[in-house]
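Got your viewer open? Let's take a short walk through this protein, one selection at a time.

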Amino acid sequence: MDFENKEILISYSDQYRDDYYVYLIVYLDQKISQKIPINKRGFLLREPEWRELGIKLFKGWLNYDVHYPDPYILFFRKRIDQRIQEKKKQQTI
């Protein structure tokens, strides 16, 4: 498979957050999801594994969940730096 156009085959949700994490959902085209090794389908992927598929995220993102009926939907989260959150709160006071 030609992976030069990987970006077209991967889509990213808008980010959403809570007090501790920023979240993101990644949708893989089924052609790319077939590149996930059979023994890893439905399981969490380590950073080198999801990067190999062409997922492009900044450092610090973690694959924390998989939508089991649809293993081509991957959930990611990144911890919010609490120091930055405190500075933002202080600036709004």
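Before the first stop, one term: a cavity is a set of grid points where a 1.4 Å probe fits but cannot get out, and its volume is the space filled by probe spheres set on those points. Rolling a probe the size of a water molecule over the atoms shows where empty space is left. Keep in mind as you go that this is a predicted model.

**Stop 1: the cavity**

The structure holds 1 cavity of 30 Å³ or more. The largest cavity has a volume of about 30 Å³. To find it, select I36, K40, R41, G42, F43, L45, V66, P71 and L74, which line it. Now try colouring that lining by class: you should get 6 nonpolar, 1 polar and 2 charged residues.

**Stop 2: N63**

Next, select N63, which you'll find in strand β4, residues 62-66. Is N63 buried or exposed? N63 counts as buried, because its relative accessibility is 2% and the cut-off for buried is under 20%.

Show the side chain of N63 as sticks and look for what it reaches. One partner is the backbone nitrogen of L45, at 2.7 Å. Another is the backbone oxygen of F75, at 3.0 Å. Then bring up the residues around N63: leaving aside neighbours within four places in sequence, N63 is in contact with F43, L44, L45, W50, L74, F75 and F76. You've met L45 already, as one of the residues lining the largest cavity.

**Stop 3: the aromatic rings**

Time for some rings. The structure holds 5 aromatic pairs. Start with Y16 and Y23, a stacked pair with 5.3 Å centre to centre and 15 degrees between the planes. Switch on a surface and check each one: Y16 is partly exposed, with a relative accessible area of 37%, whereas Y23 counts as buried at 12%.

Keep Y23 selected and add Y64. How do these two rings meet? They form an edge-to-face pair, 5.7 Å centre to centre with 65 degrees between the planes. Trace the chain between them and you'll see that the pair links distant parts: Y23 sits in strand β3 (residues 21-28), Y64 in strand β4, 41 residues apart. At 25% relative accessibility, Y64 counts as partly exposed.

**Last stop: the cluster**

Finally, select Y16, Y21, Y23, Y64 and F75 together, and you have one aromatic cluster on screen. F75 should look familiar: its backbone oxygen is what the side chain of N63 reaches at 3.0 Å.

How values were computed:
Residues are numbered from 1 along each chain as its sequence is written. This is a predicted model: local features need pLDDT of at least 70, side-chain atom pairs count only at pLDDT 80 or more; totals for chains, interfaces and linings use all residues. Side-chain values use heavy atoms; hydrogens and water are left out. On a 1 Å grid over the protein atoms alone, a cavity is a set of points where a 1.4 Å probe fits but cannot get out, and a pocket is an open set with protein on both sides within 12 Å along at least five of seven lines; lining residues have an atom within 4 Å of a point. Ala, Val, Leu, Ile, Met, Phe, Trp, Tyr, Cys and Pro count as nonpolar, Asp, Glu, Lys and Arg as charged, and the others, Gly among them, as polar. Helices (H or I, at least four residues) and strands (E, at least two) are DSSP runs, numbered from the N terminus. Buried means under 20% relative accessible area, exposed over 50%, partly exposed in between (1.4 Å probe, protein chains only). A polar contact is a pair of N or O atoms within 3.5 Å; within protein, one must be able to donate a hydrogen and the other to accept it, and residues adjacent in sequence count only if both atoms are side-chain atoms. Contact means heavy atoms within 4.5 Å. Rings of Phe, Tyr and Trp (its six-membered ring) pair if their centres lie within 6.5 Å; planes under 30 degrees apart count as stacked, over 60 as edge-to-face and the rest as tilted.
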